[in-house]
Amino acid sequence: MALELWETLKEAITAYTGLSPATFFTVVALGLAAYYVISGFFGGSDHHQHVPRQYEEQMQPLPPPVQLGEVTEEELKQYDGTDSKKPLLMAIKGQIYDVSQSRMFYGPGGPYALFAGKDASRALAKMSFEDKDLTGDVSGLGPFELEALQDWEYKFMSKYEKVGTIKNTVPVTDGTSTSEPAAEATESDASKPAEDVPAATAHVETPAVAESKEE
């Protein structure tokens, strides 16, 4: 049955095209090849237009990291990736790193986007995505969590450029302001005459003295 169909097809090709079956299939193959080549030239621009914008940004060369110096946590929030003109920054243990080259992970829409613009030390140590852990406070962490945080820090130090540190916002007490009143009080006590001391203090008896009197 298949042989009869093949013979019928060859006769039809010869009758309608005047070509032998081998020549006919060769012409068809060349035509398809020419079609794909031509469509590749004219269809390439349309395909480029459909490339997502975030991938186009990643393909563009990144500007060199800008050193920020010491900034507050509030100032660091400006570099969470929402402004494409600013670098993408993230901090670990108070050290700020430029993670712009990994925008697909830490940029908007990425799996770790909530870490950007913050010191995420606690969240990384606990592998937590909760808002309460998006802080640089690592107090109360266990040894395994601290070890995990250390691994993250080594990774960032080897892969990303350090561009600054987070400013310590803990208020520093001024020792001079509290010592002066104490010094004045000491001087005033020393200047008091001896007779100002209550006389009762001179007759205070120790337990040993009291026992000797009873005997």
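Four exercises with worked solutions follow on this predicted model.

Residues are numbered from 1 along each chain as its sequence is written. In this predicted model, local features need pLDDT of at least 70 and side-chain atom pairs count only at pLDDT 80 or more, while totals for chains, interfaces and linings use all residues; side-chain values use heavy atoms, without hydrogens and water.

**Exercise 1. Confidence**

State which element has the lowest mean pLDDT and which the highest.

Solution. Step 1: pLDDT is the predictor's confidence in each residue, from 0 to 100. For the protein its mean is 74, and 62% of the residues reach 70 or more.
Step 2: elements are DSSP runs numbered from the N terminus, helices (H or I) having at least four residues and strands (E) at least two. Helix H9 (residues 207–214) has the lowest mean, 42, and strand S3 (residues 95–98) the highest, 96.
Step 3: over residues 190–215 the pLDDT is below 50, and this stretch has two contacts (heavy atoms within 4.5 Å) beyond near neighbours in sequence.

**Exercise 2. The sheet**

Give the strand order of the sheet and identify the strands at its edges.

Solution. Step 1: two strands pair if DSSP finds at least two bridges between them. Four strands form an open sheet, S1-S4-S3-S2, with mixed pairing.
Step 2: S1 (69–71) and S2 (89–92) each have a single partner strand, so one side of each lacks a neighbour in the sheet.
Step 3: S2 and S3 are antiparallel over four bridges; Ile92 has Gln95 in S3 as its bridge partner.

**Exercise 3. A helix on the sheet**

Find which strands helix H7 touches and give its angle with S2.

Solution. Step 1: axes are lines fitted to C-alpha atoms, for helices over the stretch in contact, and angles run from 0 to 180 degrees between N-to-C directions.
Step 2: H7 (residues 143–159) packs on the sheet and touches S2, S3 and S4 (161–166). The direction of H7 makes about 135° with that of S2.

**Exercise 4. An aromatic pair**

Classify the geometry of the pair Tyr112 and Phe129.

Solution. Step 1: rings of Phe, Tyr and Trp (its six-membered ring) pair if their centres lie within 6.5 Å; planes under 30 degrees apart are stacked, over 60 edge-to-face, the rest tilted.
Step 2: Tyr112 and Phe129 are stacked, at 6.2 Å centre to centre with 10° between the planes.
Step 3: Tyr112 lies in the loop between H5 (103–106) and H6 (121–126), and Phe129 in the loop between H6 and H7, 17 residues apart.
Step 4: buried means under 20% relative accessible area, exposed over 50%, and partly exposed in between (1.4 Å probe, protein chains only). Tyr112 has 26% and is partly exposed; Phe129 has 44% and is partly exposed.
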